[in-house]
Amino acid sequence: MAKDPKFTAGEAAKLTWLVARMAKRGIAGENVYQGDLERKFERIIDGAREREERQAAEAAEAEKAARKAKAKTARK
């Protein structure tokens, strides 16, 4: 399994809420369906991973642009 990303406050709150709902259903019985909550949980984690990847790519692109601008001003 991939490393878990850093979660925003909203994502952490949603995950906590889903865990509480899963626990409540778990108390109701072992045969209670929890697949819907598990899918929502995984979707939030996947979204956080995508957000982190997107932020890393944007940061790398901004760093590349800054280096390019610095090199351009150094030539003048």
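A helix here is a DSSP run of H or I that is at least four residues long, and helices are numbered from the N terminus. With that in hand, the exercises below work through a predicted model.

**Exercise 1. Work out how many helices and strands the chain has, and whether the chain is compact or spread out.**

Step 1. The secondary structure of the chain comes to two helices and zero strands.

Step 2. The radius of gyration is 21 Å, whereas the globule rule gives 11 Å for 76 residues, so the chain is more spread out than a compact globule.

Step 3. The spans of the C-alpha trace along its principal axes can be set beside this result, and they are about 75 × 20 × 15 Å.

**Exercise 2. Describe how much of the chain is buried and what its exposed surface is made of.**

Step 1. A residue is called buried when its relative accessible area is under 20%, and buried residues make up 17% of the 76 residues in the chain.

Step 2. The chain exposes about 6,400 Å², and carbon and sulfur atoms supply 57% of that area.

Step 3. Charge can be described as well: the chain has 19 positive and 13 negative charges, and the mean positions of these two groups are 9 Å apart.

**Exercise 3. Locate R51, decide whether R51 is buried or exposed, and find its salt-bridge partner.**

Step 1. R51 lies in helix α2.

Step 2. The relative accessibility of R51 is 14%, so R51 counts as buried.

Step 3. Leaving aside residues up to four places away in sequence, R51 touches K6, F7, T8 and E11.

Step 4. One of these residues, E11, meets R51 in a salt bridge, with a distance of 2.9 Å from N to O. The pair links distant parts of the chain, since E11 is in helix α1 and R51 in helix α2, 40 residues apart.

Step 5. E11 is buried too, with a relative accessible area of 14%.

**Exercise 4. Find where D4 lies and which residues D4 touches, then explain which parts of the chain its salt bridge with R49 ties together.**

Step 1. D4 has its place in the segment before α1, and with a relative accessible area of 42% this residue is partly exposed.

Step 2. Not counting residues up to four places away in sequence, D4 touches I45 and R49. A further pair to consider is D4 and A48, which are 44 residues apart in sequence while their C-alpha atoms are 8.6 Å apart in space.

Step 3. D4 forms a salt bridge with R49, and the closest N and O atoms of this pair are 3.4 Å apart. Because D4 lies in the segment before α1 (9-28) and R49 in helix α2 (residues 35-75), the pair ties together parts that are 45 residues apart in sequence.

Step 4. R49 counts as buried, at 17% relative accessibility.

Step 5. The salt bridges here form a network, which links D4, D46 and R49.

**Exercise 5. State how many salt bridges the chain has, and which parts the pair R25 and D36 ties together.**

Step 1. To count as a salt bridge, a side-chain nitrogen of Lys or Arg must be within 4 Å of a carboxyl oxygen of Asp or Glu, and by this rule the count comes to four.

Step 2. R25 and D36 form one such bridge, in which the closest N and O atoms are 2.7 Å apart. R25 lies in helix α1 and D36 in helix α2, so this pair ties together parts that are 11 residues apart in sequence.

Key. Residues numbered from 1 in each chain as written. Predicted model: local features only at pLDDT ≥ 70, side-chain atom pairs only at ≥ 80, totals over all residues. Heavy atoms only, no water. Rg over C-alpha atoms; globule rule 2.2 N^0.38 Å. Buried < 20%, exposed > 50% of the residue type's maximum accessible area, 1.4 Å probe, protein only. Areas by Shrake-Rupley, 256 points an atom, 1.4 Å probe, with all protein chains shown as cover. Lys, Arg positive; Asp, Glu negative; His and termini not counted. Charge placed at Lys NZ, Arg CZ, Asp CG, Glu CD. Contact = heavy atoms within 4.5 Å.
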